[in-house]
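Colleague: I'd like to go through this one with you, feature by feature. Could you show me the model?

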Amino acid sequence: MQKDNRDRLIETLTGVASVATFLTVLIALIAFLQDLRQSEAQRLHDQRLERREASLEVVNRFSSGEVLAARLLILRGLMMVGPDQLQSVSTDSDSMADLARVMATATGDPIAYDQSLFVIADFYDSAYSCVEAGICDEATLNAQIGSYGARFHCFFRPVIGRLQADYRIDGLGKGVEIWSQEYDVC
């Protein structure tokens with residue numbers, strides 16, 4: 001009888017130890033999965049921050065240096081043509097190309113004007129590549145530079161096409177063209 005009690009006690013303790021071991025493994029597994037989920041959430045958060053910072057660097061380029069100088073020269077040509085001539089132009093490609101030539105001539109330096117158009121198109125190509133590579137955040141860039149890019153594409157599409165052909169640069173302006181698809185301005 002004493003042996004039976006002892007055997008039952010050993011069985012009970014073995015059962016309790018098995019349950020305790022199972023619960024310990026289960027708790028450790030839950031803790032591991034929770035830590036894994038938190039690590040993944042932190043990684044995604046850090047990745048979003050890095051993309052946002054890269055996007056803000058692109059936006060900073062848009063508002064400074066060579067890109068800003070190009071934008072100002074394009075604006076100067078636009079201002080020199082005046083609103084009356086702008087309003088009388090139809091939106092077909094030939095008329096827009098003619099207007100762009102008038103604007104370039106009005107600045108007094110058509111070559112610098114074409115260079116400015118090239119700089120803006122190249123900027124948008126780079127911005128688009130940044131998004132495609134997963135380095136930049138599309139929503140951030142779109143909010144900051146998207147509408148300008150769409151208007152630029154609609155207005156200068158024929159000239160960008162000419163620059164592409166003249167300098168044999170396939171894909172020049174592709175980024176700004178893709179950006180313009182987000183807006184319905186053409």
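What follows is a short talk about how to read it.

Modeller: Ground rules before anything else: this is a predicted model, where local features need pLDDT of at least 70, side-chain atom pairs count only at pLDDT 80 or more, and totals for chains, interfaces and linings use all residues. Residues are numbered from 1 along each chain as its sequence is written, and side-chain values use heavy atoms, with hydrogens and water left out.

Colleague: What is the mean pLDDT of the protein?

Modeller: pLDDT is the predictor's confidence in each residue, from 0 to 100. Here the mean is 84, and 95% of the residues reach 70 or more.

Colleague: Which elements have the lowest and the highest mean pLDDT?

Modeller: Helix 3 (residues 83–88) is lowest at 72, while helix 5 (residues 110–132) is highest at 93. Where pLDDT is low, the predicted coordinates should not be read in detail.

Colleague: How many helices and strands are there?

Modeller: Those are DSSP runs, numbered from the N terminus: helices are H or I with at least four residues, strands E with at least two. The protein has seven helices and zero strands.

Colleague: What radius of gyration does the protein have, against that of a compact globule?

Modeller: The radius is taken over C-alpha atoms, and the globule rule is 2.2 Å times the number of residues to the power 0.38. For 186 residues that gives a value near 16 Å, but the protein has 31 Å. Along the principal axes, its C-alpha atoms fill a box of roughly 115 × 30 × 30 Å.

Colleague: Is leucine 33 buried or exposed?

Modeller: Buried means under 20% relative accessible area, exposed over 50%, and partly exposed in between, using a 1.4 Å probe and protein chains only. Leucine 33 counts as partly exposed because its relative accessibility is 46%. Leucine 33 sits in helix 1 (residues 2–62). Its C-alpha atom is separated by 34 Å from that of leucine 56, 23 residues apart along the chain.

Colleague: And why does serine 116 count as buried?

Modeller: Serine 116 has a relative accessible area of 7%, so it is buried. You'll find serine 116 in helix 5. Buried residues make up 30% of the 186 in the protein.

Colleague: Which residues does serine 116 touch?

Modeller: Contact means heavy atoms within 4.5 Å. Leaving out residues up to four places away in sequence, serine 116 touches Ala70, Leu73 and Ile74. Across the protein, 78% of contacts between residues at least 6 apart in sequence join residues at least 24 apart.
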